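Reader: I would like to learn how to read a model of two chains, feature by feature. Could you take me through the general idea each time and then the case at hand?

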Amino acid sequence: MNEENFQKFLDGEIGKDELDQETKQDVKTYTLTMQVMKARYDYKPSAVLEERVMSKVRKKRELFSELLIAASVVAALFFIVFNVMPVKIPVTAKTQQVSVSEVFDYLSLVKLVGDGF
Amino acid sequence: MRKTLILVCIIAFTVAALCQSFIDLFLTNSYFGRRVVTERGASNKSRIELVYRWPEDKIVQVLSPLVLIWAKHSGSFVMGEPNNLRVSPLEILDLEDLFIRQMKQTGISKTEKVDGKYKVVVDSPSGLFTAIINEKGYPERITRVFQGVTTELVYEDVQPLSQKFEDIASKYNIRASETTVNFPNEIKEILQTVSWYTISRLRIGEEQVILIMANHKSGSILKIVYASKQVNVNTEQNEKMLQCNGQGYFIYIITQDDEVLRQIKQLLEK
């Protein structure tokens, strides 16, 4: 192939008649390739195929969103239960009773092992 | 006459010097011993103990009525079961510690030598103490008589102690940083002004409370009620009451002595 003539032909500087046989064949091949590529790039899928493909993508996105929302709800519940809701256990009478017992037990032990102050 | 006076002075000086030396020995000795403590009076109690004593420190293993360890080290106290020792907010003082404290505060009332041993008497506001100390400076018996209660500490076997506090402390797993017993500071402050106390549980209404009957160092009787809720404490005629509230507890201090109540109020306001 005469590359220089090939480029000049594509640029419109010379006519097809001025090309040798081999270059003409290459130009033909090139033209065909361009037609195929154009057809490929101009391709628009059918509405059915597009819907089928896009629905798969949407399903994946929805699943990810649902998982994210569920995790957020669980985290929010944990936060509310352990930080916001009032904890009543430490102020029950039972806990205070232990405190009285602790004082009694300790003073009894000091009295048992000691002989006064 | 003059010679007799000089002789008496020399003898008195010699006796005083000898007494001083055995007291010094007693205060500075380190020893290990087994001892029995008995208390007779309104209530009777007894203990059997092993004691490791250094001039400033002490480790006591109570063998009976229950197994317990307490120790004094660098002015602080720990107490508990062998693997569960906690810092004691209150001082733990045995009869020997009380005797030494009163001897230093009040002074020796009488000293005499009986059968080669020294008998030291300390007549103090906290009781009449009598100690028998041998010529090596080791205690053999310490007795206190106070308000009809006789407490006696009898040493059965005393040996010199060459090991350091740390050596014995490691044997009993006594470490420097132990947790502290949860105890109201107000009661700690008040109990530092008493010479002894008794403790009992009682109910006021629906609430279970602690009643501490104590003998103030001035001689007055002091009642302390400790409750986890506000309770209606009845007082007798002439009794005055002081109430203080802590975090989750209420303390009522009752006495007939206005001066004692004023002192305690000042103490708690510090």
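Author: Let us begin with the interface, keeping in mind that this is a predicted model. A first reading counts the residues that touch, and here 22 residues of chain A are in contact with 44 residues of chain B. A second reading takes the area, and about 3,000 Å² is buried between chain A and chain B, with carbon and sulfur atoms giving 62% of it.

Reader: Which three residues supply more than any others of the area that chain A buries against chain B?

Author: They are Tyr106(A), Asp115(A) and Phe117(A), which supply 31% of the area that chain A buries against chain B.

Reader: How many salt bridges and polar contacts does one find between the chains?

Author: The rule finds three salt bridges across the interface of chain A and chain B, and the count of residue pairs in polar contact between the two chains is twelve. Sorted by class, the side of chain A that touches chain B holds eleven nonpolar, seven polar and four charged residues. There is a salt bridge between Glu102(A) and Arg86(B), whose closest N and O atoms are 3.6 Å apart.

Reader: Before going further into side chains, what helices and strands do the two chains have?

Author: Chain A has four helices and zero strands, and its elements, read from the N terminus on, run α-α-α-α. Chain B, by contrast, has five helices and 16 strands.

Reader: And how much of each chain counts as buried?

Author: Burial is read residue by residue, from relative accessible area, with under 20% as the cut-off. Of the 117 residues of chain A, 16% count as buried, whereas for the 270 residues of chain B the share is 46%. As for what is exposed, chain A shows about 9,300 Å², of which carbon and sulfur atoms supply 64%, and chain B shows about 14,300 Å², of which carbon and sulfur atoms supply 51%. Within chain B, among contacts with a separation of 6 or more, 44% come from residues 24 or more positions apart.

Reader: How should I read a salt bridge that lies inside a helix?

Author: The general idea is that an α-helix has 3.6 residues a turn, so residues three or four places apart point the same way. In this model, Lys8(A) forms a salt bridge with Glu4(A), with 3.4 Å between the closest N and O atoms, and both residues lie in helix H1 of chain A, four residues apart, about one turn of the helix. Lys8(A) is partly exposed at a relative accessible area of 28%, while Glu4(A) is exposed at 52%.

Reader: What happens at the two ends of that helix?

Author: At the start of helix H1 (residues 3-11) of chain A, a side-chain oxygen of Asn2(A) comes to within 3.2 Å of the backbone nitrogen of Glu4(A). Just after H1(A), Gly12(A) takes a positive phi of about 85°.

Reader: Which elements does the salt bridge of Lys58(B) and Asp97(B) tie together?

Author: For such a pair one looks at the distance, then at the place of each partner in the sequence. The side chains of Lys58(B) and Asp97(B) meet at 3.1 Å, N to O. Lys58(B) lies in strand E3 (residues 58-64) of chain B and Asp97(B) in helix H2 (residues 95-106) of chain B, so the pair ties together parts that are 39 residues apart in sequence. Lys58(B) is buried, with a relative accessible area of 1%, and Asp97(B) is buried too, at 10%. Both belong to a network of salt bridges that also includes Asp115(A), Arg35(B) and Arg53(B).

Reader: Is the pair of Glu140(B) and Lys117(B) buried or partly exposed?

Author: Glu140(B) counts as partly exposed at 23% relative accessibility, and Lys117(B) is partly exposed at 31%. Their salt bridge has its closest N and O atoms 3.1 Å apart, and it links Glu140(B) in strand E10 (residues 139-146) with Lys117(B) in strand E8 (residues 117-124) of chain B, 23 residues apart.

Reader: Where does Ser30(B) lie?

Author: Ser30(B) lies in the loop between helix H1 (2-28) and strand E1 (31-40) of chain B. Ser30(B) counts as buried because its relative accessibility is 19%, under the 20% cut-off. Leaving aside neighbours within four places in sequence, its contacts include Arg53(B), Trp54(B) and Tyr138(B).

Technical notes: Residues numbered from 1 in each chain as written. Chains lettered and ligands numbered in written order. Predicted model: local features only at pLDDT ≥ 70, side-chain atom pairs only at ≥ 80, totals over all residues. Heavy atoms only, no water. Contact = heavy atoms within 4.5 Å. Buried area = accessible area lost by both parts, 1.4 Å probe. Salt bridge = Lys/Arg side-chain N within 4 Å of Asp/Glu carboxyl O. Polar contact = N/O pair within 3.5 Å; in protein donor to acceptor, adjacent residues only side chain to side chain. Nonpolar A, V, L, I, M, F, W, Y, C, P; charged D, E, K, R; others polar. Buried < 20%, exposed > 50% of the residue type's maximum accessible area, 1.4 Å probe, protein only. Areas by Shrake-Rupley, 256 points an atom, 1.4 Å probe, with all protein chains shown as cover.
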